[in-house]
Amino acid sequence: MSVPTTQRPTGTETATGRLGDITLLPDGIPKVTGDFAYSSDLWMDDMLWGVTLRSPHPRARVRSIDIGAALATAGVTAVLTHEDVPGSKYYGLEIADQPVLAVDEVRYTGEPVAIVAADHPETARRAAAKIVVDYEVLDPITDSRAAMSPDSPLVHATPTQDHYPGGGNILRHVRIRRGDPTLTADVVVTGEYDVGMQDQAFLGPESGLAVPAEDGGVDLFIATQWLHVDQRQVAESLGLPEDKVRLSLAGVGGAFGAREDVSMQIHACLLALRTNKPIKMVYSREESFYGHVHRHPATMRYEHGANRDGTLVYVKCEVVLDGGAYASSSPAVVSNAASFAVGPYNCDNVLIDGYILYTNNPPCGAMRGFGAVQVCFGHESQMDKLAAALGIDPVELRIHNAMAEGSLMPTGQVVEGAAPVAELLRRVKDAPLPAAAPTDSYDLRALPGGVSNTTHGEGVRRGVGYAVGFKNVGYSEGFDDFSTARVRLEVVGGELVATVHTAAAEVGQGLITVMAQIARTELGVEQVINQPADTSIGTAGSTSASRQTYCTGGAVQAACEAVRDGILAMASARGLSVEGAALRDGKIVAADGAAVASVADLLGEEIVEETREFHHRPTEPLTRDLGAPGDIGQGAAHLQFAFAAHRVVADVDVELGLVRLVEVTTAQDVGKALNPLSVVGQIQGGTTQGIGLALMEEIQVKDGKIRNPSFTDYLIPTILDTPPMQVQVLELGDPHAPYGLRGVGEPPTISSTPAVVSALRAATGRPLTRVPVRPEHITGT
């Protein structure tokens, strides 16, 4: 097949770390210097450009589409609508409710209506602008609570939620009941909390290159999080068998959940097969805001009851998530939100209702933290409120109720392995606090507002806030979550070389480094090559849910062990004693440390290659309410739990509503730090994303339309917004996980947001029940 110019193997790594070593990322320097090839850099000499026409309305019927003028444009080779989709006209991660191109109705602003191929991107854009769509504009459904009403118009006239008990616009309703939530308590606090719509804000926009193949299929080079689920959806819409739709991972410029869903994959392949030419598609930044899912906005109502000593008696919670126009991964997100709504605390009596609603707002789906982010803001705000009502130190209240090994989740699941909630809280509380701001002279850079010279210290108050959170690792509720890896060991140019091949997406988290570290550790080699990820090997699952090191790392470990066993079997067949032996530094080493043989000499020209799947231990669906008495929403739904705590010190100008974060301290249990450098980087990055949600990041949606689809108006933290961070890493191994590891990437995003807001409350005395916190929330104006 033809290969675009930027498609190349990762190559032999220069770093040679083993597990536990600080190991540099092989793609780190190329990314910093600008030499890394991203999916937007893909190029073929004879390629055409694809462009999408999108709906300007959040809800409208499509009466007709006139493509005549667009087709007549010089340089245009194809204009396609839903009538040109040869296979399934609908796709979706779990529920196929989203049209490839709008059929008879558009359900959100930015929904794809038609696609154009031309010899130049500007020609394609101008042709798309000539397409005439006759819309009957309808009133959009944009309020998620109003959408719950039986009287609300339906976003989907044909129900699509058969897989989950919902009804009307309710895509899924998760009910969790345990114990007796009707009990009375000495102290009761209630609260309502809101979380805005956050964008993943990756730097690399959606892009890819589809190349028609001689066998009638197509080769797609794409930046994604899950090659095989993309392959399935693309093949179904093209009406092709999956083996004729081949996907290869191109350079990914960040993901954070937004690349789990299909964006331009099907469109590029449709145009490539229609024109018989390679098709490149690259979204603009504005189009990217319409082209992927976002974090679900949430409204939450809580009631906490406690005894005078602070012991939680009951927790009641209602979580309403706005799923937007299509399902995406929303059913799993609301399950997570409900499961973690109480937080990492012991409470025997719970009543939780989690709802996910269809609306005509932009579709929402996976984003780092996956439902746990929203409810952590809710339950941690409640713990601060409860501590104030009881007159108890907020950290001590949390420690008093903290989960530990053997605690029960609201779902009745036993928390197995370490659950160091109390220790994490003590660590961040006991860490030294930064020095107080000087009162005689001020460096403007150290004040809220910075060098804009808004204050010389007058009106500035300091606050300290705390939060702790947790989340599941891996997929849940009975999903068979597994990964496949192939490992080959051979002699190349007189040197022992291991080659690792998986379909796992490297999105910047450092997976290719960890896979090489595993191969070096298990096989005792120096040189490791990571083959490019593609669909020629079995699935590795999604790069999400903090699962890849667990699952794909487990598969690489298993394949390496099989290769090692093959080497030892070869040695045994040649009369060598290898009982209890290992591979180390290119040699077979006996149990007593004596070298038995050189692996390279033993192999010669032979190759040992093994493929293995790693399936983690099973989970189970939550029980449903079937009308019988007893607990509801129970079951061992989750594989593993990861915990993190944060302390934030903030200076707040209470007169202007400006904030400067002075310092963040965080502690997290990672099980085992396979690459300590990457672990710290993940914690720092996740914390920064949580800071963004707390202070500035929100997609502004009014009447179903995005008002700030650019990085000019959608604000994300810069280096000037990111404070010094003290990171404490605990390694309390999980006996069920490969190498005892725990997922790292998501927990820091979960507890950082409420810790920031807690610090602002401490400085201002205001309740601050919504994130992101705006200046007017602080000043009260």
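Tutor: Let us start with a working rule: two strands count as paired when DSSP finds at least two bridges between them. Keep in mind, too, that the model above is predicted.

Student: Good. How many bridges does strand 21 share with strand 22, and in which sense do they pair?

Tutor: Strand 21, residues 495-501, pairs with strand 22 over four bridges, in the parallel sense. To find the place on your screen, look for V497, which stands opposite Q527 in strand 22.

Student: What connects strand 21 and strand 22 into a β-α-β unit, and what is its handedness?

Tutor: Helix 12, residues 511-523, comes between strand 21 and strand 22, and the unit is right-handed.

Student: Which side chains of strand 22 point to the buried face?

Tutor: The general idea comes first: in a regular strand, side chains alternate between the two faces of the sheet. Strand 22, residues 527-530, shows this pattern. V528 and N530 point to one face and are buried, while Q527 and I529 point to the other face and are not buried.

Student: Let's move on to whole sheets. What is the strand order in the open sheet of four strands?

Tutor: The order is 19-27-28-31, and the pairing is mixed. Strand 19 (460-473) and strand 31 (725-730) each have a single partner strand, so these two are the edges, and one side of each has no neighbour in the sheet. From one strand to the next, the twist averages 15 degrees.

Student: How does strand 31 join strand 28?

Tutor: Strand 28, residues 658-669, runs parallel to strand 31, with six bridges between them. One residue to click on is V664, whose bridge partner in strand 31 is M725.

Student: Which helix packs on this sheet?

Tutor: That is helix 11, residues 421-430, which touches strand 19, strand 27 (640-653), strand 28 and strand 31. The direction of helix 11 makes about 25 degrees with that of strand 27.

Student: And what is the order in the open sheet of six strands?

Tutor: Read this sheet as 10-18-17-16-11-32, again with mixed pairing. The edges are strand 10 (170-178) and strand 32 (770-771); each has a single partner strand, so one side of each is left without a neighbour in the sheet. Strand 32 runs parallel to strand 11, joined by two bridges, and R770 is the bridge partner of D194. Helix 9, residues 372-390, lies across strand 11, strand 16, strand 17 (312-324) and strand 32, at about 145 degrees to strand 11.

Student: On to side chains. How many aromatic pairs does the structure hold?

Tutor: It holds 14 aromatic pairs. Take W43 and W49, with 6.1 Å between their centres and 70 degrees between their planes. Planes over 60 degrees apart count as edge-to-face, and that is the arrangement of W43 and W49. W43 is partly exposed, with a relative accessible area of 41%, whereas W49 is buried at 17%.

Student: Which parts of the chain does the pair of Y193 and Y302 tie together?

Tutor: Y193 and Y302 are also edge-to-face, 6.4 Å centre to centre with 65 degrees between the planes. Y193 lies in strand 11 (residues 187-195) and Y302 in strand 16 (residues 298-306), so the pair ties together parts that are 109 residues apart in sequence. Both Y193 and Y302 are buried. Ring pairs can also link up into a cluster, as with F340, F470, F641 and F643.

Student: A bench question now: how many disulfides are there?

Tutor: A disulfide is a covalent bond between the sulfur atoms of two cysteines. This structure holds zero. For C364, the nearest cysteine sulfur belongs to C317 and is 18 Å away; the cut-off for a disulfide is 2.5 Å. C364 is buried, with 0% relative accessible area. C560 is in no disulfide either, as its nearest cysteine sulfur, from C551, is 16 Å away. C560 is buried too, at 0% relative accessibility.

Student: One last residue: where does T623 lie?

Tutor: T623 lies in the loop between strand 26 (608-615) and strand 27. T623 is partly exposed, with a relative accessible area of 40%. Leaving out residues up to four places away in sequence, T623 touches I632, G633 and Q634. T623 and R461 are 162 residues apart in sequence, and their C-alpha atoms are 49 Å apart in space.

Methods. Residues numbered from 1 in each chain as written. Predicted model: local features only at pLDDT ≥ 70, side-chain atom pairs only at ≥ 80, totals over all residues. Heavy atoms only, no water. Buried < 20%, exposed > 50% of the residue type's maximum accessible area, 1.4 Å probe, protein only. Right-handed = clockwise from strand over helix to strand, strands pointing away. Axes fitted to C-alpha atoms, helices over the stretch in contact; angles between N-to-C directions. Contact = heavy atoms within 4.5 Å. Phe/Tyr/Trp six-rings, centres within 6.5 Å; stacked < 30°, edge-to-face > 60°.
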